[in-house]
Amino acid sequence: MAEYSPEQARAQLDRLWARGTAFLGTQVAIMGGAMSWVSERHLVSALSNAGGFGVIACGSMGPDLLAKEIAGTQALTNKPFGVNLITMHPQLDDLVRVCLEAKVGHVVLAGGIPPGNAVRAVKDGGVKLIAFAPALVLAKRLVRSGADALVIEGSEAGGHIGPVSLTVLAQEILPHIKDVPVFVAGGLGRGDAILAYLEMGASGVQLGTRFAAAKESIAHPNFKKAFIRAAARDALPSIQLDERFPVIPVRGLVNEGTKRFLAHQAETLRKFQSGELTKDAAQLDIEHFWAGALRRAVIEGDVESGSVMAGQSVGMVTAEQPVAEIIRELVDQAVAALIARHVPSSPQAA
Ligand SMILES: Cc1cc2nc3c(=O)[nH]c(=O)nc-3n(C[C@H](O)[C@H](O)[C@H](O)COP(=O)(O)O)c2cc1C
């Protein structure tokens with residue numbers, strides 16, 4: 001078999017994610033998934049400067065704060081980056097306007113099917129719109145309504161999750177969505193896995209967990225240490241105790257907080273059953289349990305009672321590495337996997 005060089009393998013990888021890199025305007029089709037409190041100017045600019053695509057997590061920021069964060073990021077990189085807006089934010093229209101005024105190239109609308117007026121505003125402003133597709137029917141609907149790219153995120157991911165794994169979502173969606181690039185997310189920690197999804201038809205990938213503990217991440221040292229210590233099995237979805245009181249599943253590291261959340265639900269349920277709380281008040285009480293908890297973990301380092309959102313790929317976080325090193329590692333693993341296929345098999349193995 002002819003020699004297959006690392007350069008040929010890299011060229012093949014570049015062909016596989018060409019649609020993704022063209023869409024993002026990057027060297028590699030690796031997006032840093034927006035993470036509230038974590039994905040601010042330093043991590044976002046580091047990702048973009050390393051050839052990937054950083055995304056600012058707007059989270060609960062208001063328009064003024066978002067404008068400052070965008071300007072701060074633009075001061076640290078002249079490469080493309082995006083902004084992730086949560087669709088239920090009460091000031092969504094103003095946040096879109098801020099992105100348009102700051103000439104952000106890509107807006108990600110997350111947290112539900114984006115409202116028509118926000119979609120129109122993004123598109124009319126000439127900005128590329130990225131949306132999350134949790135199922136094939138919704139993927140088709142999003143493409144029809146103008147999404148320029150989709151992210152499909154499996155339940156392996158950190159943060160708020162849907163019920164279906166990336167293994168299944170990819171099979172359900174990738175063969176049928178050809179009009180726009182599709183980026184896959186959830187549980188990705190190695191380049192060989194990235195390669196496999198590109199070969200299935202993905203145009204690129206989105207990773208969160210592996211970048212959360214990066215050197216450039218402003219997350220508290222306790223938060224990073226918790227990531228480095230944790231195994232995949234430590235990153236579990238939040239548990240709902242009673243179907244009358246829905247809990248949005250969030251994947252994170254099990255800690256005192258997650259145990260207390262169960263006790264809190266049980267106590268709230270008892271108060272509802274005894275008539276001390278109405279159904280609405282009990283639901284609010286459950287929802288408020290985690291208010292401010294992600295900030296407490298990420299910024300203050302309270303990894304015991306705070307919310308340490310993390311994906312199952314947390315087991316593949318083994319050190320605090322610079323973003324550029326993580327990206328290089330991912331690319332090298334994909335290239336190595338391509339080269340391994342061209343090694344002639346030994347007579348014994350044949
Ligand atoms: C700490 C943390 C916070 C996150 N916050 C957000 C968020 O604010 N908005 C969002 O769309 N996704 C959020 N995510 C999901 C990521 O953007 C990304 O899609 C996910 O981490 C990919 O899966 P992985 O963690 O297995 O790499 C968050 C993930 C983590 C780990």
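Helices (H or I, at least four residues) and strands (E, at least two) are DSSP runs, numbered from the N terminus. The model is predicted, so that local features need pLDDT of at least 70 and side-chain atom pairs count only at pLDDT 80 or more, while totals for chains, interfaces and linings use all residues. Residues are numbered from 1 along each chain as its sequence is written, and side-chain values use heavy atoms, with hydrogens and water left out.

**Exercise 1.** Determine which element supplies the largest share of the lining of the largest cavity, and describe that lining by class.

Solution. Step one is to fix the term: on a 1 Å grid over the protein atoms alone, a cavity is a set of points where a 1.4 Å probe fits but cannot get out, and lining residues have an atom within 4 Å of a point. The structure holds one cavity of 30 Å³ or more, and the space in the largest cavity comes to about 40 Å³, a volume being the space filled by probe spheres set on the points, which are joined across faces, edges and corners.

Step two is to list the lining, which consists of Gly 32, Gly 33, Met 35, Ser 39, Leu 43, Val 44, Leu 47, Gly 54, Val 55, Leu 207 and Phe 211. Helix H3 (41-49) and strand E2 (54-57) each contribute at least two of the lining residues, and H3 gives the largest share, with three residues.

Step three is to sort by class, where Ala, Val, Leu, Ile, Met, Phe, Trp, Tyr, Cys and Pro count as nonpolar, Asp, Glu, Lys and Arg as charged, and the others, Gly among them, as polar. The lining then has seven nonpolar, four polar and no charged residues.

**Exercise 2.** Establish whether Ile 130 is buried or exposed, and identify its contacts.

Solution. Begin with the location of Ile 130, which is in strand E5 (residues 128-132). Its relative accessibility is 0%, so Ile 130 counts as buried (under 20% relative accessible area, with exposed over 50% and partly exposed in between, for a 1.4 Å probe and protein chains only).

Next, take contact as heavy atoms within 4.5 Å; when neighbours within four places in sequence are set aside, Ile 130 touches Phe 23, Met 31, His 106, Val 107, Val 108, Leu 109, Ala 149 and Val 151. Asp 302, by comparison, is 172 residues from Ile 130 in sequence and 33 Å from it in space, C-alpha to C-alpha.

Finally, set this residue against the chain, in which buried residues make up 48% of the 350 residues.

How values were computed:
On a 1 Å grid over the protein atoms alone, a cavity is a set of points where a 1.4 Å probe fits but cannot get out, and a pocket is an open set with protein on both sides within 12 Å along at least five of seven lines; lining residues have an atom within 4 Å of a point.
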